[in-house]
Amino acid sequence: MNTNLPRLTESIQSGVTKGFDNINRLTMLNVLTNMGTANVVVKYGLKGPSITTSTACATGASAIGEAFRLIQLDEADIMIAGGSDEVVNPVCIHAAINF
């Protein structure tokens, strides 16, 4: 599950109410889109290409296509591919409703 956007939204709200100097210095590490990928790579000691794609509802298909391409081009022998996306927070819900 991708919790990046809600964390970023919370950090922005905190910055507005408490001042941006009070935002946790590790916030960016929590909101980068590649943190889920990085955690899997570290946990399982994986080697080779590590790519994060964020294409909303097509994220899983994009990941599978990119993995296939890397194998096809002989840049990798085996790949782990998948995807998820989450945009359940006040900003995204408002944007979706008012699109």
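1. A quick definition before the comments: a helix here is a DSSP run of H or I covering at least four residues, with numbering that starts from the N terminus. What you have in front of you is a predicted model. On that basis the chain has 5 helices and 0 strands. Reading from the N terminus, the order is simply α-α-α-α-α.

2. A word on confidence. The average pLDDT over the chain is 83, and 90% of the residues score at least 70. Which helices sit at the two ends of the scale? Helix α4 has the highest mean pLDDT among the elements, at 95, while helix α2 (residues 27-31) has the lowest, at 71. I'd keep that in mind while reading the points below.

3. Now the chain as a whole. Of its 99 residues, 17% count as buried. The accessible surface comes to about 7600 Å², and carbon and sulfur atoms account for 61% of that. As for how the chain folds back on itself, take the contacts between residues at least 6 apart in sequence: 44% of them join residues at least 24 apart.

4. Helix α1 spans residues 4-18, and S11 is one of its residues. Is S11 buried or exposed? The relative accessible area of S11 is 15%, and the cut-off for buried is under 20%, so S11 counts as buried. Leaving out residues up to four places away in sequence, S11 touches I23 and T27.

5. E10 also belongs to helix α1, but here the exposure reads the other way. With 52% relative accessibility, E10 is classed as exposed, whereas S11 is buried. I23 turns up again at this spot: E10 and I23 are 13 residues apart in sequence, yet their C-alpha atoms are 9.9 Å apart in space.

6. Still on helix α1, have a look at L8, which is placed there too. L8 has 30% relative accessibility, which puts it in the partly exposed class. Together with I12, V16 and F20, L8 makes up a nonpolar patch on the surface. The accessible area of the four residues together is about 380 Å².

7. On to charged pairs. How many salt bridges does the chain have? The count comes to 1. It is formed by the side chains of E66 and R69, at 2.7 Å from N to O. Why are these two about one helical turn apart? Both sit in helix α4 (residues 59-72), and they are 3 residues apart, which means a separation of about one helical turn. Neither partner is classed as buried: E66 is partly exposed at 23% relative accessible area, and R69 is partly exposed at 34%.

8. T59 is in helix α4 as well. The relative accessibility of T59 is 6%, so it is counted as buried. Which residues does T59 contact, once neighbours within four places in sequence are set aside? They are T53, S54, G83, S84 and D85. So within helix α4 you can compare a buried residue, T59, with the partly exposed E66 and R69.

9. Last, a backbone detail. Most residues other than glycine have a negative phi. D74 has a positive one, near 60°, and D74 is not a glycine. Where is D74 found? D74 is in the loop between α4 and α5, the latter covering residues 90-97. With a relative accessible area of 63%, over the 50% cut-off, D74 is exposed.

Terms used. Residues are numbered from 1 along each chain as its sequence is written. This is a predicted model: local features need pLDDT of at least 70, side-chain atom pairs count only at pLDDT 80 or more; totals for chains, interfaces and linings use all residues. Side-chain values use heavy atoms; hydrogens and water are left out. Buried means under 20% relative accessible area, exposed over 50%, partly exposed in between (1.4 Å probe, protein chains only). Contact means heavy atoms within 4.5 Å. Patches are made of residues with over 30% relative accessible area and no salt bridge: like charges are joined within 9 Å, nonpolar side chains (Val, Leu, Ile, Met, Phe, Trp, Tyr) within 5 Å. Accessible areas come from the Shrake-Rupley method with a 1.4 Å probe; for residues, only the protein chains shown count as cover. pLDDT is the predictor's confidence in each residue, from 0 to 100.
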